Structures are given as C-alpha cells and as structure tokens.
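Notebook, helix packing and aromatic pairs: I wanted to look up how two neighbouring elements cross, and then to go through the ring pairs.

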Amino acid sequence: MNILYCGDENIEDGLMISVLSILKNVDADLHFYVMTMTLKNEDHSFYPVNQKVVQILRDKLREVNVNNSIELFDATSIFQKMIPSANMQTRFTPYCMLRLFADQVSCIPDKILYLDNDVICRQSIKEFYEQDMEKYEIAGVLDYYGRFFFRNRLFHMDYLNSGVLLLNIKKIRETGLFEMCRKMCQEKKMFMPDQSALNKLCQRKRIAKRKFNEQRILHQDTVLQHFTTSFRFLPWIHTITVKPWQVEKVHSKLKLFEYDDILEEYLKAKACIRGN
C-alpha cells in the first residue's frame, strides 16, 4: 500500500500522527512517500521536513514489519520549473499545490493514496485503497461544505475534498491532469488552488462514501477522520479548527478521546526527536 504526504516542516506533527494511525489499523506492507521542498520569498521562508522525523517513523514502521518503508523526496527543483505564480500569495501556503507535482517524481508508484497531514486513520483503509481505478484519475469524497456551492453540473454534486485522494498516477500521466492543474495554478488565482483546479479539470473522478474522509464529526463507521475547519451553531454560529497534534484542544473542544493511544505514542516520538 502506497501513501503520499506533501509539505514543509510544519506538517511534521501531523505526519507522525497520521503515519502511526495507519500503522495501527492497516495490516499490509506500507510504503510512505513524503514530498517536501525549500522555498524562500520576500515574505516567508519555508523549510523541508526534517530527516530526523522520517528516521523515527522508519524505525517505528520496521518494528512492525520489515517490509515497511518511508522515503523523503526533495521536490524543490521540480516546483521551481513551474511555479504556480498566480497562487503564491493566497491564505494557503504554496505547499498545498505540491501534490500536483507527484506525476513528476519518477519513483512515485502508479497507484497511491494522498493524505493531508491532519487526517487520522481509524479503521483499515483497504476497502478504499483497493477499489478499481482503471477508468478513473482520482477517487475522493465530496467536500462537506463545498459540495453545495461548487459543481461542474448544476444538479450533480461532484466537488471533491482534496485532503484524501486515491490517485491513479499512471492515468494522470497519460491524460496530463496534473500538468493542466499546474498550468491553471500558474495563470488563475483561486481560493483553494489545488482543490479548485482538480475539481475543474478532472474528467474521470470516482466519488466515495463519506466515511473515507469524514470532515466534520466522528461517526461509528468513520475510516479516515479529517480535522478540517467546521461550523458550529450552538450556542452561536462560529467556526472551530482543531488539529490532531493540539492534544489538549482535541480533548477539551472536540471531547474526542478516540485516538489517545496514538497521540501518546506521537508525544513519545516527538520527545525522542527533541532529545537527539
């Protein structure tokens, strides 16, 4: 099973939690790929994922199964060749578009599951991963809020959340989907550039059940829980954003204790990294 993450050093906490959650719930050979890069501009400096984090995870993975692996790939040069210039100053960091360069990394396998770093695995993802993708470029779950406002066809909900995507890289390379998305991100400023481009340009998408990317509250059948920003209506209308690595807030604001064993292991791993 192949899993992809993308980002800079700021994904490290979420990366550890997400990987550990998959390791706990998936009985299969696991191969993780992490795309990262260095990026500096007038306003910000972004630094790549630390090799120490990857090594800690590699040791954990191999304790469970010697066939497990995790590799870190520097995509700086690839990104620089086609900078998404129209979207470099949005409220989202340029790293949100890094997944659109996965087809340019030769060692990325033909089929891979992309996950945002704020996604926790609660049950086995084999059902989602093993679905037939021969005819499709991507498979994902409708965006909880965006499905109502964005769609290519008026009476058909088809706007996917890009935080959990099963990618048919082989077909994506054939159709040029990611290449078209990169070009769109170069030329057109968008609110959520990677997600908007994918939904606008993908012609072969498969819509999966909500349980494979639960973006709001935990349900009994939830397989992957995505800690996105959501609305709450009591005692007043407001938004709430809590990420998995904000352990105290996970408990106090979300009243969620489902992942305490994983979070405890994450905190121990983080302490090891600090101690090195």
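I looked up the handedness of the crossing of H7 and H8 and found it right-handed; I note here that the model is a predicted one. For the geometry, I read that helix H7 (residues 177–187) packs against helix H8 (residues 193–201) at an angle of about 125 degrees, the axes being 9 Å apart. That angle makes H7 oblique to H8.

I then listed the residues that meet: from H7 they are Leu177, Phe178, Met180, Cys181, Met184 and Cys185, and from H8 they are Pro193, Asp194, Ala197, Leu198, Lys200 and Leu201. Sorting the residues of this contact by character, I have 10 nonpolar, two charged and no polar.

Next entry, aromatic rings. My search of the whole structure gave six aromatic pairs, and I wrote up two of them.

For Tyr5 and Phe32, I have ring centres 6.3 Å apart and planes at 25 degrees; planes under 30 degrees apart count as stacked, so this pair is stacked. Because Tyr5 belongs to strand E1 (residues 2–6) and Phe32 to strand E2 (residues 31–36), the pair ties together parts that are 27 residues apart in sequence. I checked burial as well, and both Tyr5 and Phe32 are buried.

For Tyr33 and Phe73, the ring centres are 6.0 Å apart and the planes stand at 15 degrees, so I entered this pair as stacked too. The pair links distant parts of the chain, with Tyr33 in strand E2 and Phe73 in strand E5 (residues 69–74), 40 residues apart. I recorded Tyr33 as buried because its relative accessibility is 13%, where buried means under 20%.

Notes. Residues numbered from 1 in each chain as written. Predicted model: local features only at pLDDT ≥ 70, side-chain atom pairs only at ≥ 80, totals over all residues. Heavy atoms only, no water. Axes fitted to C-alpha atoms, helices over the stretch in contact; angles between N-to-C directions. Helix = DSSP H or I, 4+ residues; strand = E, 2+ residues; numbered from the N terminus. Parallel < 35°, antiparallel > 145°, perpendicular 65-115°, else oblique. Left-handed = near helix turned anticlockwise from the far one by under 90°. Contact = heavy atoms within 4.5 Å. Nonpolar A, V, L, I, M, F, W, Y, C, P; charged D, E, K, R; others polar. Phe/Tyr/Trp six-rings, centres within 6.5 Å; stacked < 30°, edge-to-face > 60°. Buried < 20%, exposed > 50% of the residue type's maximum accessible area, 1.4 Å probe, protein only.
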